[in-house]
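Subject: Structure handover

Hi,

Here is the structure I promised to pass on to you. Have a look at it first, and my notes follow just below.

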Amino acid sequence: METNYIADGMVKKHYRCSLLGHRFVETKKVNNHFSEYECSTCKMQVTNDTRGQKITLTSRLKDINETLFYLNLKKQFLSKFYFRKE
C-alpha cells in the first residue's frame with residue numbers, strides 16, 4: 001500500500017502551517033489505535049498508520065477507518081449485551 005507521509009509530500013497551502021507546523025485537532029476517534037485529525041488552520045485531514053505516524057487521509061483510508069469504526073461499535077454492543085461477565 002502506498003503511503004503519503006506529511007514530511008514527504010507536504011503541500012504548502014498555508015504559510016503558517018509550512019513555517020510553524022500544523023495544529024491538528026482530533027475530529028473522529030475510530031478505535032483505541034486510530035483517529036482522524038484535521039488542521040485547524042489549513043483544514044488538511046490526516047489519520048494514523050500502523051506505525052503511529054500521521055499520513056494524509058485519502059478516500060480509501062477514509063473507507064477503511066469507517067469500517068473499523070463500525071466493527072468497533074459492533075464489538076462493544078456484543079460485549080455489552082451478549083457476553084456479560086457476572
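Please keep in mind that this is a predicted model.

A good place to start is the hairpin that joins strand 1 to strand 2 through five residues. Strand 1 covers residues 24-29, and it runs antiparallel to strand 2, with five bridges joining the two. To find your way along this pair, look for Phe-24, which stands opposite Cys-39 in strand 2. Another pairing to look for is Lys-28, whose bridge partner in strand 2 is Glu-36.

Glu-36 also leads on to the next strand, since its bridge partner in strand 3 is Thr-47. Strand 3 spans residues 45-48 and pairs with strand 2 over three bridges, again in the antiparallel sense. These two strands form a hairpin as well, with five residues between them. In that turn you will find Lys-43, which has a positive phi of about 65°.

Finally, how enclosed is strand 2 by the rest of the structure? Strand 2 (residues 35-39) is largely enclosed, because four of its five residues are buried, where buried means under 20% relative accessible area.

Enjoy exploring, and do write back if you have questions.

Best wishes

Note on methods. Residues are numbered from 1 along each chain as its sequence is written. This is a predicted model: local features need pLDDT of at least 70, side-chain atom pairs count only at pLDDT 80 or more; totals for chains, interfaces and linings use all residues. Side-chain values use heavy atoms; hydrogens and water are left out. Buried means under 20% relative accessible area, exposed over 50%, partly exposed in between (1.4 Å probe, protein chains only). Two strands pair if DSSP finds at least two bridges between them.
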